[in-house]
Amino acid sequence: EYLKTLREKLLLRKLSNLCVTTAAVIHATEDDPDTLVSQFEEQALKIRDVQIQERSNKEVMQEVVNQMQREAAGDLGERIMTGIEDFDFKFMGYPLKSFMIVAGRPSTGKTAIGLHMLRHMARHVPCGCISVEMPQEQLLRRMTASEAGVSDHPSNLQHISKPMVDGKPHPQMVSLVKGAGVVSKLPIYIVDQSPISIRQIA
């Protein structure tokens, strides 16, 4: 009964996604209606044939044991480091395509940790950032300050905007400019629309 419910929810989600995709195609193409209907019917029939495969624990356990043996031999698969040294040392980063949640009370550093990881991971793979509270400008500002190792507080910016005694720019201002250049070139794609649904994210 549980598998039946799961299958029904899966079918509804796939059908909903197909409707959204079809609506977008209708507005973006000049194909005749018969062609669009045929394409929709073909994809809808494929959705109907979706089955949830139930596997025995014994079958899955063999895969688990094989994976542990590979890891024991040093084959950790594709992993990516977070840039947090202690964390990466203990956990060896994260497997690619894994899901992680950083949780905590307000003002405990969740955003700072997330942006640090984002900035570091983007040096190795393209990354996406979906923000429902903080605008794109503020995210980039915080990453630039972190990259430069310089405070972006207005009082500090006023201080470092003044040239040195020898007339040269303040070293921290130079670092900020360099940091901005680095961050702007990272393959980070930011969406700061609010509200945004899971369907829009997908």
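Here are a few friendly notes on this predicted model, covering its core, its salt bridges and one of its helices.

1. **The nonpolar core.** A good place to begin is the largest nonpolar core, which has 15 residues. The residues with the most contacts inside this core are L118, L139, M143, I188 and I190. Two helices and two strands, namely α5 (110-121), β3 (127-130), α6 (136-148) and β4 (188-191), each supply at least two of the core residues. Helix α5 gives the most, with 4 residues.

2. **A look around L139.** If you would like one core residue to click on, try L139, which is among those with the most contacts inside the core. Setting aside residues up to four places away in sequence, L139 touches L115, C129, S131, M134 and I190.

3. **R119 and its surroundings.** Next, please look at R119, which is found in helix α5. Is this arginine buried or exposed? R119 counts as buried, because its relative accessibility is 9% and the cut-off for buried is under 20%. Beyond its neighbours within four places in sequence, R119 is in contact with M143, S146, E147, V183, L186 and I188. Two of these contacts, M143 and I188, also appear among the residues with the most contacts inside the largest nonpolar core.

4. **The R119 salt bridge.** Side chains of opposite charge can pair when their charged atoms come close. Which residue does R119 pair with? The partner is E147, and the closest N and O atoms of this salt bridge are 2.7 Å apart. R119 lies in helix α5 and E147 in helix α6, so the pair ties together parts that are 28 residues apart in sequence. E147 counts as partly exposed, at 23% relative accessibility.

5. **A second partner for E147.** E147 also forms a salt bridge with R123, with 2.8 Å between the closest N and O atoms. This pair again links distant parts of the chain, since E147 is in helix α6 and R123 is in the loop between α5 and β3, 24 residues apart. R123 counts as partly exposed, with a relative accessibility of 39%.

6. **The remaining pair, and the network.** The count comes to 3 salt bridges. In one of them the side chains of R141 and D152 meet, at 3.0 Å from N to O. Here the link runs from R141 in helix α6 to D152 in the loop between α6 and α7 (154-160), and the two residues are 11 apart in sequence. Both are partly exposed: R141 has a relative accessible area of 40%, and D152 has one of 24%. Salt bridges that share partners join R119, R123 and E147 into one network.

7. **Helix α3 as a check on geometry.** Helix α3 covers residues 57-72, which is 16 residues. How far apart should its ends be? At 1.5 Å a residue the helix should span 22 Å, and its end C-alpha atoms are 22 Å apart, so the two values agree. After α3 comes G74, whose phi is positive, near 100°.

8. **A nonpolar patch on the surface.** Finally, M61, V64 and M68 make a nonpolar surface patch of about 280 Å². M68 lies in helix α3. With a relative accessible area of 48%, M68 is partly exposed; the cut-off for exposed is over 50%, so M68 does not count as exposed.

Note on methods:
Residues are numbered from 1 along each chain as its sequence is written. This is a predicted model: local features need pLDDT of at least 70, side-chain atom pairs count only at pLDDT 80 or more; totals for chains, interfaces and linings use all residues. Side-chain values use heavy atoms; hydrogens and water are left out. A nonpolar core is a set of buried Ala, Val, Leu, Ile, Met, Phe, Trp, Tyr and Cys residues joined through side-chain atoms within 4.5 Å. Buried means under 20% relative accessible area, exposed over 50%, partly exposed in between (1.4 Å probe, protein chains only). Contact means heavy atoms within 4.5 Å. The expected span of a helix is 1.5 Å times one less than its number of residues. Patches are made of residues with over 30% relative accessible area and no salt bridge: like charges are joined within 9 Å, nonpolar side chains (Val, Leu, Ile, Met, Phe, Trp, Tyr) within 5 Å. Accessible areas come from the Shrake-Rupley method with a 1.4 Å probe; for residues, only the protein chains shown count as cover. A salt bridge is a side-chain nitrogen of Lys or Arg within 4 Å of a carboxyl oxygen of Asp or Glu.
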